[in-house]
Amino acid sequence: EDLYTFRPAFSKLLHLALELYPDADIRFILSDGLREELNESVLAICDHYGIPCIRLEGIDKRMGHPTVKGMASIADQVIQHIETQ
């Protein structure tokens, strides 16, 4: 029943991903514009499992979804994160 709430479900997801794919380079992409309590949970859980978190900033959106410009910005931020790690 705990898996019906965000924190336990997200923790299980990361735990299983690390267990099933121990050699994979796993990173989490955290969108901007989310509630701060969700951001804090994601960051704490990623830190616990040693998963780098790519925290997106300034994504252009329309009706809550990235525009073409927003998708390009996401790609740029992910590439920058990968290249600096």
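This tour moves through a ring cluster and then along a helix, saying at each stop what to select.

Before starting, note that this is a predicted model, in which local features need pLDDT of at least 70, side-chain atom pairs count only at pLDDT 80 or more, and totals for chains, interfaces and linings use all residues. Residues are numbered from 1 along each chain as its sequence is written, and side-chain values use heavy atoms, with hydrogens and water left out.

**First stop: the rings**

Select F6, F10 and F28, which ring pairs link into a cluster. Rings of Phe, Tyr and Trp (its six-membered ring) pair if their centres lie within 6.5 Å, and planes under 30 degrees apart count as stacked, over 60 as edge-to-face and the rest as tilted. By this rule there are two aromatic pairs. The ring centres of F6 and F10 are 5.4 Å apart and their planes meet at 15°, so this pair is stacked. Both residues belong to helix α1 (residues 6-20), where they sit four residues apart, about one turn of the helix; helices (H or I, at least four residues) and strands (E, at least two) are DSSP runs, numbered from the N terminus.

Now keep F10 selected, and ask whether it is buried or exposed. F10 is buried, with a relative accessible area of 5%, where buried means under 20% relative accessible area, exposed over 50% and partly exposed in between (1.4 Å probe, protein chains only). The rings of F10 and F28 have centres 4.9 Å apart and planes at 65°, so they form an edge-to-face pair. This pair links distant parts of the chain, since F10 is in helix α1 and F28 in strand β1 (residues 28-30), 18 residues apart. F28 itself is partly exposed at 23%, and F6 is likewise partly exposed, at 38% relative accessibility.

**Second stop: helix α2**

Select residues 36-49, the 14 residues of helix α2. Colour N39, S41, V42, I45 and C46, which are buried. These residues cover an arc of only 165° around the axis (taken from the directions from the helix axis to the C-beta atoms), which puts them on the same side of α2. Turn to the other side of α2, and you will find D47 and H48, which are exposed. What covers the buried residues of α2 includes α1, β1 and β2 (53-55).

Finally, select G50, which follows α2 and has a positive phi, near 70°.

Terms used
The expected span of a helix is 1.5 Å times one less than its number of residues. Contact means heavy atoms within 4.5 Å.
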